Amino acid sequence: MRFPGKAAVQLLDNARVTMWDVTWPKGKPSPLHRHRYDLVGVYLVGSPIRVTLPDGTARESTVEPGFILYQREAVTHIEEGIASIPRHAILTDIKGGPIAAIENPSGQPAAFPREGARQAVDNEKVTIWEYAWTLGKSTGMHFHDKDAFVVFQSDGELKSTTPDGKSEITKYKRGDSRFSPRGRVHSEELVSGSLRAVITELK
């Protein structure tokens with residue numbers, strides 16, 4: 001496997017996913033490795049890297065910040081940063097098998113799809129959404145019927161309100177990541193900053 005390593009920091013680990021904060025330093029190739037799981041990558045810095053396959057074939061890869069990757073298991077390669085500013089991404093291993101969405105007893109709409117959310121990927125394992133909150137505008141109360149993980153791409157403060165009226169404000173910064181278990185009912189409102197995220201729902 002690619003992970004762990006000096007350039008990878010484990011952010012969280014549970015039965016369904018392992019999330020990593022990964023950089024590709026210049027001139028420090030990884031060992032030849034094989035990815036055990038499908039993974040989702042959200043790229044914060046897209047600097048070029050060199051990718052070498054087991055047969056010795058090499059190519060350079062560059063992506064734009066915000067690029068979303070869905071990579072299938074068993075990919076085998078060496079990776080090496082070739083830029084002074086390292087590529088940086090949050091990579092998430094999809095470990096667990098499918099779990100059906102739970103019934104919605106709340107009477108509220110499902111969290112996704114929702115206004116302003118763009119579906120980036122949809123397959124048998126995940127649905128990935130890109131979403132930007134609007135300052136001062138509530139998302140409305142909604143129900144999360146699936147486990148999900150979130151990677152924030154910018155900075156801001158988000159107020160979450162539950163059906164009993166209790167609110168909590170959380171500050172997020174670019175690169176922050178979290179796992180959100182299914183079953184949650186709440187609304188969200190951006191109270192400061194300009195907050196965008198990639199939200200991956202697990203099937």
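**Exercise 1.** Over the ring of which residue does the charged end of Arg114 sit, 4.6 Å from its centre? State also which other ring Arg114 lies over.

Solution. The model is predicted.
- Step 1: the ring under the charged end of Arg114 is that of Tyr131, with 4.6 Å to the ring centre.
- Step 2: Arg114 also lies over the face of Phe112, at 4.3 Å from the ring centre.

**Exercise 2.** Classify the ring pair of Tyr43 and Phe67, and place both residues in the fold.

Solution.
- Step 1: the structure holds six aromatic pairs, and one of them is Tyr43 with Phe67, with ring centres 5.9 Å apart.
- Step 2: the planes of Tyr43 and Phe67 stand at 50°, so the pair is tilted.
- Step 3: Tyr43 belongs to strand S4 (residues 38-45), and Phe67 to the loop between strand S6 (58-61) and strand S7 (68-71), so the pair ties together parts 24 residues apart in sequence.
- Step 4: Tyr43 is buried at 7% relative accessible area, while Phe67, at 36%, is partly exposed.

**Exercise 3.** Do the same for Phe152 and Tyr172, then name the cluster that includes them.

Solution.
- Step 1: the ring centres of Phe152 and Tyr172 are 4.0 Å apart and the planes are at 15°. Planes under 30 degrees apart count as stacked, so this pair is stacked.
- Step 2: Phe152 is in strand S13 (residues 148-152) and Tyr172 in strand S15 (residues 167-172), so the pair ties together parts 20 residues apart in sequence.
- Step 3: Phe152 is buried, with a relative accessible area of 0%; Tyr172 is buried too, with 13%.
- Step 4: ring pairs link Phe152 and Tyr172 with Tyr131 and Trp133 into a cluster.

Notes: Residues numbered from 1 in each chain as written. Predicted model: local features only at pLDDT ≥ 70, side-chain atom pairs only at ≥ 80, totals over all residues. Heavy atoms only, no water. Phe/Tyr/Trp six-rings, centres within 6.5 Å; stacked < 30°, edge-to-face > 60°. Helix = DSSP H or I, 4+ residues; strand = E, 2+ residues; numbered from the N terminus. Buried < 20%, exposed > 50% of the residue type's maximum accessible area, 1.4 Å probe, protein only. Lys NZ or Arg CZ within 6 Å of the ring centre and 35° of its normal.
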